[in-house]
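Here are a few short exercises to help you find your way around a new structure. Try each one with the viewer open, then read the worked solution.

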Amino acid sequence: MTSATITPGRTARALRSTGARRHYITLVIVLVVLFFTPFIAPQTTMAVLIRTLIIALMAIGWNLMSGYAGMFSFGHAVFFGIGAYTDAVLLTRFGISPWLSMFVGAALAAGVGLLITYLCLKYRLTGSYFALATFAFAQMFLLVSMNLPFVNKTEGINIPLLPNESWALMQFAPDSPVYFWIPLVLVGGAIAITIAFISARSGQFAQAIRDDPTAAESLGINLMRYRLIPVAISCAITAVAGVYYVQYYLFIAPEQAFGLQVTTNGIVPAVIGGMSTLWGPLIGAALIGPLSAGIANIVRNPPPVLAFVKGLNGLDVAVYSALLIAIVVFLPKGIYGSIRERVRR
Amino acid sequence: MSVDVSPPKTGPTEPATPRGAMWRSGTLRILLGVLAVTVIGLALVYLLGGKEQSLVTQGVVTGLLLGGVYALVSLGLTLIFGVLGIVNFAQGAMLTLAMYLVYFMVTTFGINTYIAVALTVPIMFVFGWLVQSVLMNRLIADGTHERPLLVALGLALLIVNVLLMLFGGLPETVPSPAAGSIRIFGAIADVPRLIAFAGALVVAGALILVLRKTPLGLSIRAVAANGTGASLVGVNVKRVYAMTFGVGAATVAVAGGLLAPFSSLVPSVGDQFTTLAFVIVVLGGLGSVAGAVAGGIFIGLLQTIGALFLPGSGSLLLVFAMFVLVLFVRPQGLFGVKR
């Protein structure tokens, strides 16, 4: 800002880009720090950390559509499942690399998401009705996958385990840090896309529409177009999470792809961390992932003090659902959202 | 805030008929509409379906009885979703909770199953009342639908998993005092299912009476029609909300109790009903008791008759396709009046 004559428009753009730049710098720092995790964290915790990254990716995807664009999706399992099954089918039937499946799955999921949302918006479904309709679509995909011989019905699809490491087919030694780095890069990419989207014009429009559709429309914003853009991005990100899920667990079945649990896995971290915030989904996942895994572990092998919890299956989900209720009731902006508000004041 | 009982308003405003008359004509319309569609559909299946008659008759009887069960579960939801606007995803979990309460009483104190049902009803009423007054009333003030939905989702997970911790995941059975089956037109009908069907009709009748003839019903309808207006004329809206959720939970208690004798009891037993109850409530028209009964029976028949033609869970797919279609084209319910 050395120039003496700055037009107001330029100032605004400069401010916005410095905001985005700050986010990008934070992101790079976070990624670099997390990059070294596999060398520090004990091997036994890697599975938990990888699962945490997968749900973080789902939460980031869900947050774009349901947080920033304000269309509460209760059926994001559709897009996760599309990604997962795209990868499983393309790999087992045609030997196509998972890297390619990420793009195919993302494109398919974005297409389906656009179609579903377009229909919902065209028929003016909002609020609870929108949530119910997306949920109904998830149930339909679940039922179809359970009855379709092409995807092995309820038995699901196993990805054959390779004898050697292969970058092309995304298989590595069981303790390889690459299994952590790939989802880390995906999460970083998803956050970068979110930053780019919210600081771009279309992201500003989408948020304006969320806050007041009538005002936005009267300013000449095309409601349908700027609602559909975040939907496509959101569905694509969620599908990539599905692709990686299959590559890591080497198995997919209808319930793991399209079940209500899948949708919940994406929603809960975003809500606990803070909807409509950039870092909320990641922070929520970082809290929920290790917490549930830790409790499940204690239930399996309790220390002597907690001997009574042995075999209490369900304690992990019970704690996480109690946490969800508490956060929604007492911290409606989520953990990160509330802290940010406190700091800004 | 205003409670959104009516679906998105698209048509012209309602004609100036007294509210009571509209309720009654709406009910009649729903019942006649569902009856007509059902009769025509069944006639087509009998004449053109190409299936054995006895098979279809058995399907009809099974479907009717299944529909009774569905109706019973949906009655509570039509109040909670219709009046409070809460997408209560805990409906199925509350059903499971009621079933386990009955199971617990029967196995611990050795009392008759149906007496246990009667004892479960007030417990569930208090439970529902507490959920609304402690949790939901805090959220409803800011008018968003997401926070109640998220709390209901959390509640559903919490109930199911606490039950899993307490009772384990192995299937349990509740002894039925009235076992056996009878034959209707050559088709077999289990007595406990017949009792559940009768229970659905009784609960629906009682609910209609409560809504139309009692001061509580009057305030519930007033709050549903216009929350701000009701509070201006001295209705304690939050109290009415709590009572509504309580009544909704109490009807679920009846449903759970009557279902328990012919269900294999696991903590996830209620999950399937949550989705179906939403389908039925939207199909029948929000807040309509008669619509919930008609919708329940309609979906029960659709599912069992559909199963004759579509293998596996394909008939459920039919149900959801129907649901989405209704959401898109007739959000006021299949035979509901546009308001």
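## Exercise 1: two helices at an angle

H11(B) and H12(B) are oblique to each other. Keep in mind that you're looking at a predicted model.

**Task.** Work out which angle lies behind that word, and which residues make the contact between H11(B) and H12(B).

**Solution.**
- Step 1: locate the pair. H11 of chain B covers residues 289-309, and H12 of chain B covers residues 314-329.
- Step 2: read the geometry. Their axes come within 8 Å and cross at roughly 140 degrees. An angle has to be over 145 degrees to count as roughly antiparallel, so this pair is oblique.
- Step 3: get the hand. The crossing of H11(B) past H12(B) is right-handed.
- Step 4: list the contact. H11(B) brings B:Ile299, B:Leu302, B:Gln303, B:Gly306 and B:Ala307, and these meet B:Ser315, B:Leu316, B:Leu318 and B:Val319 of H12(B). Sorted by class, that's 6 nonpolar, 3 polar and no charged residues.

## Exercise 2: one helix, two partners

**Task.** Find how H5(B) is oriented towards H3(B) and towards H4(B).

**Solution.**
- Step 1: start with H3 (residues 91-109) and H5 (residues 146-167) of chain B, whose axes come within 8 Å and cross at roughly 25 degrees. That makes the two helices roughly parallel, and their crossing is left-handed.
- Step 2: look at what touches. From H3(B) come B:Gly92, B:Ala93, B:Met94, B:Thr96, B:Leu97 and B:Tyr100, facing a set in H5(B) that includes B:Leu155, B:Ile159 and B:Phe167. The contact of H3(B) with H5(B) holds 10 nonpolar, 2 polar and no charged residues.
- Step 3: turn to H4 of chain B (residues 113-140), which packs on H5(B) at about 150 degrees with the axes 8 Å apart. H4(B) is therefore roughly antiparallel to H5(B).
- Step 4: check this second contact. B:Val131, B:Leu135, B:Met136, B:Leu139 and B:Ile140 of H4(B) meet B:Arg147, B:Pro148, B:Val151 and B:Leu155 of H5(B). Here the split is 8 nonpolar, no polar and 1 charged.

## Exercise 3: a hairpin

**Task.** Trace how E1(B) and E2(B) pair, and say which turn residue has a positive phi.

**Solution.**
- Step 1: E1 (residues 181-184) and E2 (residues 187-190) of chain B run antiparallel, paired over 4 bridges.
- Step 2: match up partners. B:Ile184 sits opposite B:Ala187, and B:Ile182 sits opposite B:Ala189.
- Step 3: go round the bend. The strands E1(B) and E2(B) form a hairpin with 2 residues between them, and B:Phe185 in that turn has a positive phi of about 50 degrees.

## Exercise 4: chain A and its partner

**Task.** Describe the build of chain A, then the side of chain A that touches chain B.

**Solution.**
- Step 1: count the elements. Chain A has 15 helices and 2 strands.
- Step 2: judge the overall form. The radius of gyration of chain A is 21 Å, close to the 20 Å from the globule rule for 345 residues, so chain A is as compact as a globular protein of that length. Its C-alpha atoms fill a box of roughly 65 × 45 × 40 Å along the principal axes.
- Step 3: move to the contact. Chain A gives 35 residues and chain B gives 36. In chain A, H6 (127-147), H12 (260-273) and H14 (315-330) each supply at least two of them, with the largest share, 14 residues, coming from H6(A).
- Step 4: sort by class. This side of chain A has 25 nonpolar, 9 polar and 1 charged residues.

Terms used: Residues numbered from 1 in each chain as written. Chains lettered and ligands numbered in written order. Predicted model: local features only at pLDDT ≥ 70, side-chain atom pairs only at ≥ 80, totals over all residues. Pairing = 2+ DSSP bridges. Axes fitted to C-alpha atoms, helices over the stretch in contact; angles between N-to-C directions. Parallel < 35°, antiparallel > 145°, perpendicular 65-115°, else oblique. Left-handed = near helix turned anticlockwise from the far one by under 90°. Contact = placed C-beta atoms within 7 Å. Nonpolar A, V, L, I, M, F, W, Y, C, P; charged D, E, K, R; others polar. Rg over C-alpha atoms; globule rule 2.2 N^0.38 Å.
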